[in-house]
Amino acid sequence: MQVAFPQELPETHRALVLSSPSQPPEVRNIPTPQPCPAAHSPHRRANIFYNSREIYNRTGPYPFPMPLVTGTSAVGRIAAAGSDAVMFKPGQLVPIDSFIRARDNPRTSLLMDVHEGFTDGSRKLMRGEWRDGTHAKYAKIPLENCHLLNESVLVRKYGIKIGLCALSQLVVPYDGLADMDLRPGETIIVAPVTSPISSVAVKVALAMGAHVIAMGPNVEILKYICRPYLERIETVQITGDVQVDTKSLQSFGPIDAYLDISPADATNSTHFRSCILALRHGGRISFMASVRGDLALPVVEFVRRNLQMKGKWVYSIQNIKDLIKMVEYGVLKLGDQKFERFAWRIGRRRLIRLRNML
């Protein structure tokens, strides 16, 4: 299904602009972004990150230029397509990927509206062409950051519409799981599972056919956030005793893989060592943690048992396409998401947004 859009975009549109971390963002009328070669201007519904307060107040490690239009990943309809687009047309429904890569150097990358990256090239992109995000009526998005959806299947057959906003959260753990070549029937540890956001890794691993052991410091919280699939997983508490936790993990049989999604403050957690020691010979580790500081790892065990460890930041374009196929074929279901509807008050304007509560 396609929705008709005017042939010409309006000269201005409303956007949420952040000028200072000490002041709330403001709704302003600004020039409407125009599509250029290799870019689209979608009309979209945007996500709100669970840690947006930390990002926009600059209380975390999130460097980005100001002023800028806020907003990261989203789902929207193309209002205008770049002159070199051959598959995208106005009215098509597309998810918007917020992980932007330089076309002439894919290793140069940034997270829209969150992090300007680590190189001069990524900072150039975010301070220039790809400065503004999606909390606006229109947004200019790189062509390769939009992906075609089978709307007739997703919306008409499965009734999914708002739930498509969850794609941006699901693809992050999927990339780590795919990168370690997780196979159906394998046993994997997902740790630490401490929030609804981290629980999506459990959901994706189950959809890939794995036997999942979810590990977290609080069993009650762990069971609560994994309640939609609690009967299909094992749970282990992080007690702080490496030997006890290792034996608890190994009680479920040989463990093939371990996905780590630790938050920044988990540097001193004992679960790193427990999970590594619990792996079978030839076990695999995908490290997607955001911990600050260095970890003390059991190097001798890596050598003695041929363990493999790979780091992964964000995701690849191919894995986004693969994840969309999983959703379209019904392998990965989006129907159990919950969304919280809430409002931001900025001056006299009341902005309604949807926050994914996976």
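This passage describes the fold, burial and internal space of one predicted protein model.

The model is predicted, so local features are reported only at pLDDT of at least 70 and side-chain atom pairs only at pLDDT 80 or more, whereas totals for chains, interfaces and linings use all residues. Residues are numbered from 1 along each chain as its sequence is written, and side-chain values use heavy atoms, with hydrogens and water left out.

The protein chain holds ten helices and 17 strands. Both are DSSP runs numbered from the N terminus: helices are H or I with at least four residues, strands are E with at least two. Of the 358 residues in the chain, 53% are buried. Buried means under 20% relative accessible area, exposed means over 50%, and partly exposed lies in between, with a 1.4 Å probe and protein chains only. Contact means heavy atoms within 4.5 Å. Among contacts with a separation of 6 or more, 68% join residues 24 or more positions apart.

Strands were taken as paired if DSSP finds at least two bridges between them. Strands of a sheet pair through backbone hydrogen bonds, either parallel or antiparallel. One open sheet has three strands in the order 2-1-4, with antiparallel pairing. Its edge strands are strand 2 (26-31) and strand 4 (68-69), each of which pairs on one side only. Strand 1 (residues 12-18) meets strand 2 over six bridges, in the antiparallel sense. Within this pair, Ala15 has Arg28 of strand 2 as its bridge partner. In the loop between helix 1 (52-56) and strand 4 lies Pro67. A cis peptide bond joins Met66 to Pro67, with omega about 0 degrees.

Strand 7 and strand 8 form a hairpin with two residues between them. Four bridges link strand 7 to strand 8 (residues 105-111), and the sense is antiparallel. Phe99 has Leu111 in strand 8 as its bridge partner. Strand 7 (residues 99-102) is covered on both faces. Phe99 and Arg101 are buried on one side, and Ile100 and Ala102 are buried on the other. Beyond strand 8, in the loop that leads to helix 2 (120-127), sits Asp113. Its phi is near 70 degrees, a positive value in a residue other than glycine. Asp113 is buried, at a relative accessible area of 0%.

A second residue of this kind is Asp181, which has a positive phi of about 60 degrees although it is not a glycine. Asp181 lies in the loop between helix 4 and strand 10. With 41% relative accessibility, Asp181 is partly exposed. Leu182 belongs to the loop between helix 4 and strand 10 (187-191). Leu182 is buried, with a relative accessible area of 7%. Leaving aside neighbours within four places in sequence, its contacts are Leu177, Ile188, Ala205, Met208, Ala210, Ala257 and Arg284. Leu182 and Gly209 stand 27 residues apart in sequence but 8.8 Å apart in space, C-alpha to C-alpha.

Gly209 comes just after helix 5 and takes a positive phi of about 90 degrees. In helix 5 (residues 199-207), nine of its nine residues are buried. Lys203 is one of these buried residues, as are Ser199 and Ala205. The buried residues of helix 5 pack against helix 4, strand 10, strand 11 (211-216), helix 6 (219-225), strand 13 (255-260) and helix 10. Between strand 10 and helix 5, the loop contains Pro192. The peptide bond from Ala191 to Pro192 is cis, with omega near -15 degrees.

Internal space was searched on a 1 Å grid over the protein atoms alone, where a cavity is a set of points at which a 1.4 Å probe fits but cannot get out. Grid points are joined across faces, edges and corners, and a volume is the space filled by probe spheres set on the points. The whole structure has two cavities of 30 Å³ or more. The largest holds about 130 Å³ of space. Its lining has 18 residues, and Pro95, Ile96, Asp97, Leu167 and Ser168 lie nearest its centre; lining residues have an atom within 4 Å of a point. Strand 5 (74-81), strand 6 (93-96), helix 4 (167-179) and helix 10 (317-328) each give two or more residues to this lining.

Zero disulfides are found in the whole structure, a disulfide being a pair of cysteine sulfur atoms within 2.5 Å. Cys226 is buried at 0% relative accessible area. Cys275 is also buried, at 0% relative accessibility.

Conventions. On a 1 Å grid over the protein atoms alone, a cavity is a set of points where a 1.4 Å probe fits but cannot get out, and a pocket is an open set with protein on both sides within 12 Å along at least five of seven lines; lining residues have an atom within 4 Å of a point.
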